[in-house]
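Work through the exercises below with the sequence and the coordinates at hand. Try each task before reading its solution.

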Amino acid sequence: MFSCCRKPDSSPSLRPKTAICAILLCLTAGLGCGDSSNGAPNSNVNNDADAGSNDASDVTESCGSDEWLNSSDSTCQSCPAAALECSSFDLAESTIDSVGGNITITIQPGQTEISSATLLAREIERVCQGGGGGGTGGSNCVENITDLEVEAEATENELRFLVEPEGEFSSEIELTELQLTDACGAEHSIPFEASWDLATEEVVNELSCM
């Protein structure tokens, strides 16, 4: 194999061969060869085949002030969006983790995107005569109520909440309402109910809404 890697001879009679070697090296490397007298690549050749091209994935969809962006198909939808209501959620696929307090509410396909969600709940501490904190014995019982507001971790298909009791002797958690803001900025309030016993860690009432 002919090699062009040896040091060029200073003899004038060999300089043409050196120039040919430089051109061969340029062509082998896939570069444009300009001045063949020194083998330097032509600075006018654009080696970036993608220069000036637009990558569609880099294009950010921009919607008007009266539209919202549907990220599932990157289209702009007109506002006002369809109202979010009980039927916007799939309760059969939603879950309550009564041990860890994790609530997952599944969103039906094709709904207006939710930009924020807050779950309202009540933490109940029952104190009865003849029993300690959280006791249910005795004839005279008092319920101490603590209102809870839990912000959602939202994905395209789910709302996830972590509902944790604040009191040491609380006996039950009750969900009461789901407050939503959609992608158009409209606010929605949906009665959303469920409850579980903190002592037995059992669900008392399954998720329901109206």
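The exercises cover a strand and its partners, the disulfides, and an aromatic pair.

The model is predicted, so local features need pLDDT of at least 70 and side-chain atom pairs count only at pLDDT 80 or more, while totals for chains, interfaces and linings use all residues. Residues are numbered from 1 along each chain as its sequence is written, and side-chain values use heavy atoms, with hydrogens and water left out.

**Exercise 1. Describe strand β8 and find the strands that pair with it.**

Step 1. Helices (H or I, at least four residues) and strands (E, at least two) are DSSP runs, numbered from the N terminus. Strand β8 spans residues 158–162.

Step 2. Sort its residues by face. Leu159 and Phe161 are on the covered face; Glu158, Arg160 and Leu162 are on the uncovered one.

Step 3. Look for partners, where pairing requires at least two DSSP bridges between two strands. Strand β4 (residues 102–107) is antiparallel to β8, with five bridges, and Ile103 has Phe161 as its bridge partner in β8.

Step 4. Strand β7 (residues 153–154) also runs antiparallel to β8, joined by two bridges. Here Ala154 is matched with Leu159 of β8. Three residues separate β7 and β8, which form a hairpin.

**Exercise 2. Count the disulfides and give their pairing pattern.**

Step 1. A disulfide is a covalent bond between the sulfur atoms of two cysteines. The criterion used here is a pair of cysteine sulfur atoms within 2.5 Å.

Step 2. Applying it gives four disulfides. With the bonded cysteines numbered in sequence order, the pattern reads 1-2, 3-7, 4-8, 5-6.

**Exercise 3. Characterise the disulfides of Cys63, Cys79 and Cys86.**

Step 1. Cys63 is bonded to Cys76, with the sulfur atoms 2.1 Å apart. The S-S torsion is about -90 degrees, so this disulfide is left-handed. Cys63 sits in the loop between α1 (15–28) and β1 (67–70) and Cys76 in strand β2 (residues 75–78), so the bond ties together parts 13 residues apart in sequence.

Step 2. Cys79 is bonded to Cys184, S to S 1.8 Å. This link is left-handed too, at -85 degrees about the S-S bond. Cys79 is in the loop between β2 and β3 (89–97), Cys184 in the loop between β9 (172–182) and β10 (187–197), and the two are 105 residues apart.

Step 3. Cys86 is bonded to Cys209, S to S 1.8 Å. A torsion of about 75 degrees makes this disulfide right-handed. The bond ties the loop between β2 and β3, where Cys86 lies, to strand β11 (residues 202–209), which holds Cys209, across 123 residues of sequence.

Step 4. Check accessibility: buried means under 20% relative accessible area, exposed over 50%, and partly exposed in between (1.4 Å probe, protein chains only). Cys63 is partly exposed at 23%, as is Cys76 at 26%. Cys209 is buried at 14%.

**Exercise 4. Find the aromatic pair and classify its geometry.**

Step 1. Rings of Phe, Tyr and Trp (its six-membered ring) pair if their centres lie within 6.5 Å; planes under 30 degrees apart are stacked, over 60 edge-to-face, and the rest tilted.

Step 2. The whole structure holds one such pair. The ring centres of Phe89 and Phe192 are 5.9 Å apart and the planes are at 90 degrees, so the pair is edge-to-face.

Step 3. Phe89 is in strand β3 and Phe192 in strand β10, so the contact ties together parts 103 residues apart in sequence.

Step 4. Phe89 is buried, at 4% relative accessible area. Phe192 is buried as well, at 0%.
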